[in-house]
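Here are some short exercises to work through with the model open in your viewer. Try each task yourself before you read its solution.

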Amino acid sequence: MSEPLLRLQDVHTHIGPYHILHGVTCDIPAGQLTMLLGRNGAGKTTTLRTIMGLWRASSGSIRFDGRDITRCSTPSVAQGGIAYVPESMAIFTDLTVRENIVLAARSGPVDSARLDWMLGLFPALKRFWNLPAGNLSGGQKQMLAIARAIAEPRRLLLVDEPTKGLAPVMVRSMIEAFRALKEAGETILLVEQNFYAASALGDNVLVMDDGRIVHSGAMSDLVADQALQQRLLGLSLDAHQ
Ligand SMILES: Nc1ncnc2c1ncn2[C@@H]1O[C@H](COP(=O)(O)OP(=O)(O)OP(=O)(O)O)[C@@H](O)[C@H]1O
């Protein structure tokens, strides 16, 4: 079988004196949406940051597209085609929506067909195109952060809790946008606490606890298996919308 797009093998991460990741092993297959679930403090954000080289893995290996990126710098990981949307939404609030997107494209003007596609995913951004991004609602800021990450084609998109704190109607818009990204063939690793959003979107699911992957499989199997859901939902995932 061919190697998945991203493979973590026995990855350990220390932050200062704290041992946070205790041997994370998982595969992220190309063209699929993989959900990363787990209770607060399980190590989900640390996993994304370790992939991006923002924390350095103390041991283990991270392979992306057949290349060892374990010791790569963050700019080199990003140049290799991995985009990261942190929970804090990296946007410039003083700049307009348009300027935010223009600045996100490193290699020149955003291709107009791509821009139309992005604005189709997030119609609110079109409405506020020439307004400062600081005027957007929390959900719209999150959408702008994702639009910035996909302003240029990427091989893999890492997104940390895009539905956090959003009203149900915004959660539904976000689910629609990720569904469209999935249909466009993007490979996505999505951290999520909202089980409703996770089960609506995920092809695959990884569950973390205490710095380790404690479950991995198809999302449809988790949705169909009440006992497994019960055990994993016991890790305090939010089962409600
Ligand atoms: N800068 C840091 N210094 C020390 N410990 C940290 C730091 N960042 C994270 N941690 C610890 O690492 C552990 C994992 O945190 P992480 O943010 O990866 O969890 P998470 O699964 O993303 O949680 P949440 O859902 O709350 O965002 C937690 O115990 C956290 O306190």
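**Exercise 1. Check the length of helix α6 against the expected span, residues 138-149.**

Solution. Start with the count: α6 has twelve residues, and at 1.5 Å a residue they should span 16 Å. The rule behind this takes 1.5 Å times one less than the number of residues. Next, take the end C-alpha atoms, which sit 17 Å apart, so the helix agrees with the expectation. Helices here are DSSP runs (H or I, at least four residues) and strands are E runs of at least two, numbered from the N terminus.

Two housekeeping notes before going on. Residues are numbered from 1 along each chain as its sequence is written. The model is predicted, so local features need pLDDT of at least 70 and side-chain atom pairs count only at pLDDT 80 or more, while totals for chains, interfaces and linings use all residues.

**Exercise 2. Work out how much of α6 is buried, and what covers it.**

Solution. First, the cut-offs: a residue is buried if 20 or more other C-beta atoms lie within 10 Å of its own, exposed if 12 or fewer, and partly exposed in between, with C-beta atoms placed from the backbone. By that rule nine of the twelve residues of α6 are buried, so the helix is mostly covered. Among them are Gly139, Gln140, Gln142 and Arg148, along with Met143 and Leu144. Then look at the cover, which includes the strands β6 (82-85) and β7 (156-160). The helices α3 (97-104), α4 (112-121), α5 (123-127) and α7 (168-183) are also included in it.

**Exercise 3. Place Leu144 in its surroundings and in the largest nonpolar core.**

Solution. Begin with the address: Leu144 lies in α6. It's buried, because 25 other C-beta atoms lie within 10 Å. Now list its contacts (C-beta atoms, placed from the backbone, within 7 Å). Leaving out residues up to four places away in sequence, Leu144 touches Ile91, Val97, Asn100, Leu125, Ala133 and Leu136. One of these, Leu125, is 19 residues away in sequence, and the two C-alpha atoms are 6.9 Å apart.

Finally, zoom out. A nonpolar core is a set of buried Ala, Val, Leu, Ile, Met, Phe, Trp, Tyr and Cys residues joined through C-beta atoms within 7 Å. The largest one has 67 residues, and Leu144 is with Ile82, Ala147, Leu158 and Leu190 in touching the most other members. That core draws at least three residues from each of domain 1 (1-81 + 154-241) and domain 2 (92-153).

**Exercise 4. Describe how domain 1 and domain 2 meet.**

Solution. The bounds come from an automatic or database domain assignment. Step one is the separation: the C-alpha centres of the two domains lie 24 Å apart. Step two is the contact count, with eleven residues of domain 1 touching eleven of domain 2. On the domain 1 side, β7 and α7 each supply at least two residues, and α7 gives the most, with five. Step three is the make-up of that side: nine nonpolar, one polar and one charged. For the classes, Ala, Val, Leu, Ile, Met, Phe, Trp, Tyr, Cys and Pro count as nonpolar, Asp, Glu, Lys and Arg as charged, and the others, Gly among them, as polar.

**Exercise 5. Find the residues around the ligand and sort them.**

Solution. Use the cut-off of a C-beta atom, placed from the backbone, within 6 Å of the molecule. The shell then holds Ile15, Tyr18, Ile20, Gly38, Asn40, Gly41, Ala42, Gly43, Lys44, Thr45 and Thr46. Sorted by class, that's four nonpolar, six polar and one charged. By element, β2 (18-28) and α1 (44-51) each supply at least two residues, and α1 has the largest share, three.

**Exercise 6. Compare two non-glycine residues with positive phi, Asp65 and Glu161.**

Solution. Asp65 has a phi of about 55° and sits in the loop between β4 (57-64) and β5 (67-68). With 16 C-beta neighbours inside 10 Å, Asp65 counts as partly exposed. Glu161 has a phi near 45°, in the loop between β7 and α7. Glu161 is buried, with 20 other C-beta atoms within 10 Å. Ala167 is found in the loop between β7 and α7 as well, but it's exposed, with 12 other C-beta atoms within 10 Å.

Key
Two residues are in contact if their C-beta atoms, placed from the backbone, lie within 7 Å.
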